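Here are my notes for anyone opening this one up fresh. I've stuck to the hollows, open and closed, and what lines them.

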Amino acid sequence: MPGPTSTFATPALAALLAASALSAQEPPMPSPVRYFLGWDNPASQLYTVRVTAPAQEGPVVFSLPAWRPGRYIVQNYAANVQAVRAEDEDGDPLPVEWVDLDSWRVEPGDAQTVTLAYEWYAATLDAGSSFLRPGLAYFNPVNLLPWVEGRMDHPVTLELQVPDTWPIATQLTPTDEHGVFTAADYHALADAPTIASPEIVQWDFSHDDVPYYVVFRPLPDLGEHDREGILADIEAIAREQTAMFGGAPYEEYWFLYQFVPRPFGHAVEHASSSSYVLGPVDRAFSSRPSYLGFLGITAHELFHAWNVKRLRPAALWPYDYSEPQLTRLHWVTEGVTSYYDNLTLARAGLMSEEEYWKALEQNVQSLQGSPGRRVTSAALASLTSWHSGYGSGNPNQSISFYTKGALLGLLLDLQIRDATDGARSLDDVMRALYARYYERGEGMPEDAFQTAVAEVAGRSFGEFFERYVHGTDELPYGPPLSVVGLEAREVPDPDRPEATLGIATRRQGEETVIVNVLPDGPGLTAGLMRDDVVLELDGSPVEGDLRTELAEVEPGSAVRLKIRRGTEEMDIEVRAAGGGNMAWRVTTVENPDERQLRLRAGWLASSSGRD
């Protein structure tokens, strides 16, 4: 007989007690943070932002990002904020103050909830910014929606105040209510560019049971292309890249294309979408080069779904939007991605071999024409993007880690193929890093890329990385390109004058302005300076491209420039140098052998098994 302290439990009661014990051990679900975005008069370009969070003991701090992933430079989004205020659940005001350049502190008192509200000026239309006008609301949440300190991992809802008739394009999760979306946490919210506009045209396709949405605002002039052909080409890009990595890392994907009247090109990657602002709208697809440019930038941003949005440097894991996160690996995150964009087109059959050689040639020409390659390494350019502003400052000191990184990716890929007789490649490096770090929930250490290259190739690449990644030695194009029967050479270009003054000019309105003076060139020796306006060459007015005016000048001869510097006009004699007509060309070698042809075929072969 049981003692007086024993208790008999029925099966149902026992189950209830067990469930109660289990629930007592589980932490409660975090309360969501609610966001509202609307406007009073869109012509003002002022969004109204409201953020509501449960109160807590002590102050509630709201912070706007100082930068955004994909653009590694401090951008000070809070500079667009005005009319900051706070209130409780009854609409009564609460004390609020700026506590640093990006943050506000609200004292909740006895409030149950705290709402921070302000207006945000949205007047920049590029892929990473936010813009408002009648008929269009485009925003990157990372620009204008703050996180709540200590609650970045809480689920969020976003209510977007738009007319019921406006389509909305976003990777955020929709609800049954038009304009209301959810996200798992602040990171997912911040990563979701959104377009709301009656101008939206939406197409779609599916690949491997993954839906892809192709959004145009507005629909550009398609030229000789049509809906079916464009969708087939974008699907070919998705097929090629998902095949390379073994599947899509997203449940759906959005391509958000906006077109503007002026020549322009900018795009930003996201986990399940990419955003583009391109132009001009009437000529975006009008020629073969412009259409290949459209496909190339599409391939670039989609490749980022693996490289940098998921596989990314440990310095960026997790994102800290409050301050710079320093890494020397952007030549990998951006540059290697740039290597794979046109390679994807070639492998997918969207670009001919000759067009691909031309694309490689343009990269070589761009790097070799950059004096900064002699003083700034790819690794250093990655690190200092935060203060160099992607090329601002001294143009003779900076390089593009996109361009040099793309060429480093090319040379590494071909050397791995050479070392393994075509059995392994840079593709294997990317897959190995993705599995080793992202799939284990980790960021990539600074030395991980070099280590993976050596492991895949079966030999050390220490000297290569020391000289060409961390150093400024001239890239060794010859031996790697010869592996696949290619060569890169400087040759005379008959369309360019041989004489050069060692300056770069640009037409600005009706004037020819010097935008750079090359180091150790005749222009610098003569005393020419950036921002000088070139008025005359040997007594004749300069009314166009200065290089055209040099067509009759012999190298070694002296020319007289009349320039304006500030308000002063002066004559400067410059002795022209030669070599202005030299240009880089990438071509196939004569009589390639069997191994070169075999390795070239493997290099350009589709990952998807395309015929």
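1. Start with the second largest pocket, and keep in mind that this is a predicted model. Several elements each put at least two residues into the lining of this pocket: strand 19 (264-269), strand 20 (273-279), helix 5 (288-303), helix 6, helix 7 and helix 10 (401-419). The top contributor is helix 5, with 10 residues.

2. To find the middle of that second largest pocket, look for Gly293, Gly296, Ile297, Asp341 and Asn342, the closest to its centre among the 44 residues of the lining. The volume of the second largest pocket comes to about 1,000 Å³. As for the make-up of its lining, count 20 nonpolar, 15 polar and 9 charged residues.

3. Now the largest pocket, at about 1,500 Å³. Its lining takes in 44 residues, and the ones nearest the centre are Gly369, Arg496, Ile503, Ala504 and Leu518. Two or more lining residues come from each of helix 7 (353-368), strand 22 (503-508), strand 23 (511-517), helix 16 (546-549) and strand 28 (582-588). By class, the largest pocket is lined by 18 nonpolar, 17 polar and 9 charged residues.

4. How many cavities of 30 Å³ or more does the structure hold? There are 2 of them. The largest cavity has about 40 Å³ of space, while the second largest has about 30 Å³.

5. Around the largest cavity you'll see Glu240, Gln241, Met244, Phe303, Tyr340, Leu343, Thr344, Arg347 and Ser607. Helix 4 (227-245) and helix 6 (330-347) are the elements giving two or more residues to this lining, and helix 6 has the largest share, at 4 residues. The lining of the largest cavity splits into 4 nonpolar, 3 polar and 2 charged residues. Worth a second look: helix 6 also supplies at least two residues to the lining of the second largest pocket.

6. Last, the second largest cavity. Which residues line it? They are Val33, Tyr35, Trp147, Val148, Arg151, Met152, His154, Val156 and Tyr186. Strand 1 (33-38) and strand 10 (147-148) each chip in at least two of the lining residues. By class, the lining of the second largest cavity has 7 nonpolar residues, 1 polar and 1 charged.

Note on methods
Residues are numbered from 1 along each chain as its sequence is written. This is a predicted model: local features need pLDDT of at least 70, side-chain atom pairs count only at pLDDT 80 or more; totals for chains, interfaces and linings use all residues. Side-chain values use heavy atoms; hydrogens and water are left out. On a 1 Å grid over the protein atoms alone, a cavity is a set of points where a 1.4 Å probe fits but cannot get out, and a pocket is an open set with protein on both sides within 12 Å along at least five of seven lines; lining residues have an atom within 4 Å of a point. Grid points are joined across faces, edges and corners, and a volume is the space filled by probe spheres set on the points. Ala, Val, Leu, Ile, Met, Phe, Trp, Tyr, Cys and Pro count as nonpolar, Asp, Glu, Lys and Arg as charged, and the others, Gly among them, as polar.
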